[in-house]
Amino acid sequence: MFSSLSALSLRRRRGAARLAAATLVSGFVAAGAVAVAGPAVAVETSQNQGGAIATMGSLKTYGGAVIHGADGDQQVSAGLFEMSVDGGGTLQTYCVDLHNPTQRDAKYHETPWSGTSLGANKGAGRIRWILENSYPQVNDLAALADEAGIDGGLTEQDAAVGTQVAIWRYSDDADVDAVDPQAEKLAAYLQEAARTVAEPKASLTLDPPAVSGRPGGLLGPVTVHTDADSVTVTPPADSAMSGVRIVGKDGKVVTSAREGSQLFFDVPEDATDGTAELTVQASTTVPVGRALTSESRSQTQILAGSSESTVSATASAAWATRGAIPALSAVKNCARSGVDITTANEGDEDFTFELMGIEHSIPAGASQTVTIPLQEDQAYDFTITGPAGFEKRFTGVLDCKTQSGADGLTAQTLSEPSPATVGGSATGTNLAETGGSSATPLIAGVAIGLVVIGGAALLLLGRKQTPTQQ
């Protein structure tokens, strides 16, 4: 489910994307070139808000579809992907990003619709309806054919193709038809019958993902949100040495939690200024309709089915005896075409920083969110610094739009699946894709290169404090 981009058109798109920032680092890289930007000592902070983390496998059940465009008709492969979940489990997905390549072995994570093209798509809720009322959620194909008014029944391939085609008509506003008449009848039925259904909740998240405060008390709360019956709570890796414990409101150590549980970091009064991280993990089915994205710019997916799978989430804490004590988190905001950086200050002094030429000051006990504007497909790599050597690094690629034939994108005609690899030779499991070809490794190489090069470095400078280690 991806179209093939020529190396020239891809370079043109990537080269045009620039980030207006206070400090600008070289933002364009030729295919295959890799450079590292940003302070090497900065701790890279995940923008994954929790849930399943999975690796792209292959297009398991598929058939043919035809995209009708200004340059003529292009045949592509359409159907159901399969991913393997870190820690155990399997996910089945369809694509909602027709004109981008999918990279074999790309790492995906659950993402709110607001961090994808679905956030601004009025048809997103109809896509979820299609997922809930078609294959594989409905695996009685005779019943599905009867519901859709299809004589002669449906094969699994027909059901997968018809479902994907109907999704593309909403996700990418694509003029696309299934090759097989039975699959096309299903697509037409699903498109017509679809109704708006609300976005599903995440399988597991922690809110907020970062807290701060003074040692000698409870830092938090961090609230658990999950559809699992219970989650396992893992304390910081160095808790035996640091003395930091994860406790409930009553101060008792917590090893398991459930929906709505509140967790706290219990930091000893004599603890040296520093940071810690807790992890929660569970086994559950991921809700149908959850979006999955990859920071390597691999094609956005939407969940169609889940086995019992491992899901996890993390939260961090920072503490200091005096001065500003920032707690930082980041999330993509497609509605505002950027990345939201939220900074909470639980210290006893203002936390002051400059962002893109504008000075911001967060009073003690207050929180503020700053949106860093980015262009579509912009790779970013910026470091936030604060008192006493505090640093956090955020990297990624803003992927909020489907291109739908714009900007020189074309879909390559395919008669059968072809391999797609992230660099190197095209070996191993085949990925049938919309436009998988010999150009795919080049596409993947450029995308990965842009992520690591760093589009810009934005320094959030805290006031000078008496040197302490956070």
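Two strands pair if DSSP finds at least two bridges between them. Helices (H or I, at least four residues) and strands (E, at least two) are DSSP runs, numbered from the N terminus. This is a predicted model, in which local features need pLDDT of at least 70, side-chain atom pairs count only at pLDDT 80 or more, and totals for chains, interfaces and linings use all residues. Residues are numbered from 1 along each chain as its sequence is written, and side-chain values use heavy atoms, with hydrogens and water left out.

Start with strand β14, residues 274–284. Strand β10 (residues 231–234) runs antiparallel to β14, and three bridges join the two. One of the bridge partners is easy to find: V233 is matched with V280 in β14. Strand β17 (residues 309–319) also runs antiparallel to β14, here with 11 bridges. Look for L278, which stands opposite A315 in β17.

Now follow the side chains of β14. In a regular strand the side chains alternate between the two faces of the sheet. Strand β14 shows this alternation. G274, A276, L278, V280, A282 and T284 point to one face and are buried. Buried means under 20% relative accessible area, exposed means over 50%, and partly exposed lies in between (1.4 Å probe, protein chains only). T275, E277, T279, Q281 and S283 point to the other face and are not buried. So V280, the bridge partner of V233, is on the buried face, as is L278.

Further along the chain comes an open sheet. Three strands form it in the order β18-β19-β22, with antiparallel pairing. Its edge strands are β18 (326–333) and β22 (366–373), and each pairs on one side only. From one strand to the next the twist averages 20 degrees. Such angles run from 0 to 180 degrees between N-to-C directions, and the axes are lines fitted to C-alpha atoms, for helices over the stretch in contact. Strand β19 (residues 338–345) pairs with β18 over eight bridges, in the antiparallel sense. Within that pairing, A330 has I341 in β19 as its bridge partner.

Next, turn to a loop. G153 sits between α3 (141–147) and α4 (156–171). G153 counts as partly exposed because its relative accessibility is 25%. Leaving aside residues up to four places away in sequence, G153 touches A145 and Q182. Contact here means heavy atoms within 4.5 Å. Q182 is 29 residues from G153 along the chain, and their C-alpha atoms are separated by 7.8 Å.

Some backbone details remain. Most residues other than glycine have a negative phi, and most peptide bonds are trans. Two cis bonds can be inspected here. One joins D207 and P208, with omega about -5 degrees. P208 lies in the loop between β7 (204–207) and β8 (210–213). Another cis bond joins G220 and P221, with omega about 5 degrees. P221 is found in strand β9 (residues 218–226).

Positive phi values come next. D173 is not a glycine, yet its phi is positive, at about 50 degrees. D173 is placed in the loop between α4 and β6 (176–178). D173 counts as exposed because its relative accessibility is 65%. D377 also has a positive phi, near 70 degrees, in a residue other than glycine. D377 occupies the loop between β22 and β23 (379–385). With a relative accessible area of 5%, D377 is buried.
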